[in-house]
Amino acid sequence: MDAAENITSLGENGQLHRSKISSEQPTKAHLKCCAMIEKSCSAKYVKILMDGLLKLGCATSAEHKNIVCEPCTPKLVAAFDTEKNQIVICENDLFNQKFMDDVLTHELIHAYDVCRVKYDVNNLKHLACSSIRVANLTGDCFFWKENFLRFRFGWQYQQFVFVIWR
C-alpha cells in the first residue's frame, strides 16, 4: 500500500479522502487521540452537543464508531465525513486536551447540522451556513484568538473575515 493512500487529506475540491484502515497495532498517537476523545466526552459543550444529536436520533460517540482517529496530512486537524457520518480527528496534530475539546465541539456542530436538516454537500449555502454557525457558537473567531494566536490583526469586520478565511 502506498504511504500516501494511508493518510487522510482534503482534495483540491474540498472532498475528504480517507485513509485506508489498517489492522496494524495502533500507534502511540492513535492511542493518545482515543484517550483524549474519551476525556472530551465529559466536556460541557461536547456533552450538550452529543445529547442533542442523540435526541435527534443521531447518536454520536467513539463507541458508535462515528468519532474516529486517523493520521492526516499537515494542517488538517479534523473533518466531518458526510458520506460515513463520521467525525475524523487527526491524531498527529493534537496539542492538548483543551484543543481536543474545541476541535470536537467544532465538528459536532457540523454533525448536528447534517443530522438536523436535509444537508446537501453540493450546496455551498449549506456549507456556509454551517461554517457560520460553528464560528458563532464555538468562539473560534474571538478577537484574542485571531490576534494573539493566529496573528491576523484587525478591528473591523473580524467575524466576516474569519468566516471567509475558514
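User: What makes the link at the start of H3, between asparagine 96 and lysine 98, a polar contact?

Analyst: A polar contact is a pair of N or O atoms within 3.5 Å; within protein, one must be able to donate a hydrogen and the other to accept it, and residues adjacent in sequence count only if both atoms are side-chain atoms. Here a side-chain oxygen of asparagine 96 comes within 3.2 Å of the backbone nitrogen of lysine 98. Bear in mind that this is a predicted model, where local features need pLDDT of at least 70, side-chain atom pairs count only at pLDDT 80 or more, and totals for chains, interfaces and linings use all residues. Residues are numbered from 1 along each chain as its sequence is written, and side-chain values use heavy atoms, leaving out hydrogens and water.

User: How do you know that the span of helix H3 agrees with its number of residues?

Analyst: Helices (H or I, at least four residues) and strands (E, at least two) are DSSP runs, numbered from the N terminus. The expected span is 1.5 Å times one less than the number of residues. H3 has 20 residues (97-116), so it should span 28 Å, and its end C-alpha atoms are indeed 28 Å apart.

User: Why is the pair of phenylalanine 95 and phenylalanine 99 called edge-to-face?

Analyst: Rings of Phe, Tyr and Trp (its six-membered ring) pair if their centres lie within 6.5 Å; planes under 30 degrees apart count as stacked, over 60 as edge-to-face and the rest as tilted. The count by this rule is 1 aromatic pair. Its rings, from phenylalanine 95 and phenylalanine 99, have centres 4.7 Å apart and planes at 70°, so edge-to-face it is.

User: Are those two rings' residues buried or exposed, and why?

Analyst: Buried means under 20% relative accessible area, exposed over 50%, partly exposed in between (1.4 Å probe, protein chains only). Phenylalanine 95 has 61%, so it counts as exposed, while phenylalanine 99 has 21% and therefore counts as partly exposed.

User: What makes a group of residues a nonpolar core, and which residues touch the most other members of the largest one?

Analyst: A nonpolar core is a set of buried Ala, Val, Leu, Ile, Met, Phe, Trp, Tyr and Cys residues joined through side-chain atoms within 4.5 Å. The largest has 23 residues, of which Cys33, Ile37, Ile87, Ile89, Met100, Leu104 and Leu108 touch the most other members. H3 gives the largest share, 7 residues. A second, separate core has 7 residues, including Leu16 and Val68.
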